[in-house]
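Work through these exercises with the structure open beside you. Try each task before you read its solution.

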Amino acid sequence: MSAPVLPRVLQGATDRPLTLAQHEAMWGQWRPRRDLLDELDRAGLTGRGGAAFPTATKARLLRDQHARKKFVVVNAMEGEPASHKDATIAQSNPHLVLDGALSLATAIGASHIALCVAREKASMVNHFERALRERERRGSLGVVVEIHTPPGRYIAGEESALVHWLDDNETLPQYRPQRPSILRIGRAPVLVDNAETHAHVGLITRWGAEWFRSIGTAQSPGSMVVSVSGAVTRPVVLEIALGTPLAEVLAAARADTDPQAVLLGGYGGSFLSAEHLSTPMANEVLRPLGASVGAGVIVVIPRAACGITETHNIVRWMAHESARQCGPCAFGLPALAEDLAQLVTGGRDAAAALTRMSERSDVIEGRGGCRHPDGVVRLLRSALQVFAADAHRHAAGQPCAYAGRSRFATVPRLELENDLVWE
Ligand code: SF4
């Protein structure tokens, strides 16, 4: 058995999940590691769900809580429509995620693991259930492990909304002015990490920090599982070394390598224009450009597409998916979506709509109970910058031939459209 270079998390991936025996033949038996948190620190692992917070720092905060009961939560909700990495990991090796959760539970002294998968994703639930039954047949896990299936909305994957659901069956984000903050189920403190993060923990438990850092950059070590969609032969999930130039990722994904732009991070992420395709996939380089690797989503927008229409499609859906418990989501996001609709058509109100959007964005930003509206504002601002020439043509009543046809940044069908509240 030798340490893998790439793929790591997706090693041995086929369309059937590895059994426990196959997993152990590939990786050896899982054993807890006493120095895990120090090793995670040395590895520099950050959360792969979007926020990129240092995993060891978060875990230490929970380890230092004195409580009779603590939870580790595996967030495999994957509410981003363009993200399929958690589903791919569940389909290839759910045991690696369980290894990571068991490692973290041991390290922080947690008695419970809650594995959360959207109830609509039946095959993912099934993969984790089968893996769990296999582990239980082997003997006691030493902790209580349960699979939970909240409703699969975008906001349900926000960590405080997820914990709220586990605590009280409501997928509403909790107001947290300070980060990091301790989330709780009842009185029990909770450590939440994304499924991919757990899989990396499972590997670091075995191979250590030096191995983890042998790929990636000094500031963004390791690998990341990314979902590439939009102008691609077919949507694909790949594992890349962080720091790989975007152009190389697109080539590996058999995507359009001469696109107009890419959307990076997720639907609360940012567009980057084609001139930045040589940029490495690493936050230290992307952040000065206003972008980040986020949850590893890359949507390729070809030249034969209307960036304004693609943006409208996303903003309209994001407005619909908010929990609508704060003003920015209840009123601001639907109003932005309506402004974008005006801009798409290039009608009489289009120029005024363009001006209104920047005013509304300033009012919305930073005012939500969670960061959902900030993500939408970030996406919109980047779109108005990257597609500035198009936006001004639309505002002047001359939309392009592709206007009104969104085909690349796909979203689930809106079923409750009438619920949208327009200002
Ligand atoms: S900002 Fe939006 S999504 Fe966040 S808590 Fe408020 S209503 Fe909910």
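**Exercise 1.** Which residue forms a salt bridge with Glu-39? Find the partner, then compare how covered each residue is.

*Solution.* Remember that the model is predicted.
- Step 1. Look for the partner. Glu-39 forms a salt bridge with Arg-33.
- Step 2. Check the distance. The closest N and O atoms are 3.6 Å apart. The cut-off is 4 Å, so the pair counts.
- Step 3. Check the cover of the first residue. Glu-39 has a relative accessible area of 8%. Buried means under 20%, so Glu-39 is buried.
- Step 4. Check the second residue. Arg-33 has 26% relative accessibility and counts as partly exposed.

**Exercise 2.** Take Arg-63 and Asp-64. State what joins their side chains, and classify each residue as buried, partly exposed or exposed.

*Solution.*
- Step 1. Recall the principle. Side chains of opposite charge can pair when their charged atoms come close.
- Step 2. Apply the distance. The Arg-63 and Asp-64 side chains form a salt bridge, at 3.0 Å from N to O.
- Step 3. Classify Arg-63. Its relative accessibility is 36%, so Arg-63 is partly exposed.
- Step 4. Classify Asp-64. A relative accessible area of 44% makes Asp-64 partly exposed.

**Exercise 3.** Which parts of the chain does the salt bridge between Asp-99 and Arg-206 tie together? Then find the network that joins Arg-33 to other residues.

*Solution.*
- Step 1. Confirm the pair. Asp-99 and Arg-206 meet in a salt bridge of 2.9 Å, N to O.
- Step 2. Place both residues. Asp-99 sits in helix α5 (residues 94–108), and Arg-206 sits in helix α8 (residues 195–212), so the pair ties together parts 107 residues apart in sequence.
- Step 3. Check the cover. Asp-99 and Arg-206 are both buried.
- Step 4. Look for shared partners. Salt bridges link Arg-33, Asp-35, Glu-39 and Arg-42 into one network.
- Step 5. Take the total. The whole structure holds 22 salt bridges.

**Exercise 4.** Which residues form a positive surface patch? Locate Arg-68 and state its exposure.

*Solution.*
- Step 1. List the members. The patch is formed by Arg-68, Lys-69, Arg-184 and Arg-187.
- Step 2. Locate Arg-68. This residue is in the loop between α3 (55–63) and β1 (71–76).
- Step 3. Classify Arg-68. Its relative accessible area is 87%. Exposed means over 50%, so Arg-68 is exposed.

**Exercise 5.** In what sense does strand β6 pair with β7, and in what sense with β10? Name bridge partners for each pairing.

*Solution.*
- Step 1. Start with β7. Strand β6 (residues 223–230) and strand β7 (residues 236–241) pair in the antiparallel sense, over 6 bridges.
- Step 2. Find the link. A hairpin of 5 residues joins β6 to β7.
- Step 3. Name a pair. Ser-227 stands opposite Val-237 in β7.
- Step 4. Turn to β10. β6 and strand β10 (residues 297–301) pair in the parallel sense, over 4 bridges.
- Step 5. Name the pairs. Ser-229 has Val-299 as its bridge partner in β10. Ser-227 stands opposite Val-297.
- Step 6. Check the cover of β6. In this strand 7 of the 8 residues are buried, so β6 is largely enclosed by the rest of the structure.

**Exercise 6.** Which side chains of β10 point one way, and which the other way? Then find how β8 pairs with β10.

*Solution.*
- Step 1. Use the rule. In a regular strand the side chains alternate between the two faces of the sheet.
- Step 2. Sort the residues. Val-297, Val-299 and Ile-301 point one way from β10, while Ile-298 and Val-300 point the other way.
- Step 3. Check the cover. In β10, 5 of the 5 residues are buried, so the strand is largely enclosed by the rest of the structure.
- Step 4. Add β8. Strand β8 (residues 261–265) runs antiparallel to β10, and 5 bridges join them.
- Step 5. Name a pair. Ala-261 stands opposite Ile-301 in β10.

Terms used
Residues numbered from 1 in each chain as written. Predicted model: local features only at pLDDT ≥ 70, side-chain atom pairs only at ≥ 80, totals over all residues. Heavy atoms only, no water. Buried < 20%, exposed > 50% of the residue type's maximum accessible area, 1.4 Å probe, protein only. Helix = DSSP H or I, 4+ residues; strand = E, 2+ residues; numbered from the N terminus. Patch = residues over 30% accessible without salt bridge, like charges linked within 9 Å, V, L, I, M, F, W, Y side chains within 5 Å. Areas by Shrake-Rupley, 256 points an atom, 1.4 Å probe, with all protein chains shown as cover. Lys, Arg positive; Asp, Glu negative; His and termini not counted. Charge placed at Lys NZ, Arg CZ, Asp CG, Glu CD. Pairing = 2+ DSSP bridges.
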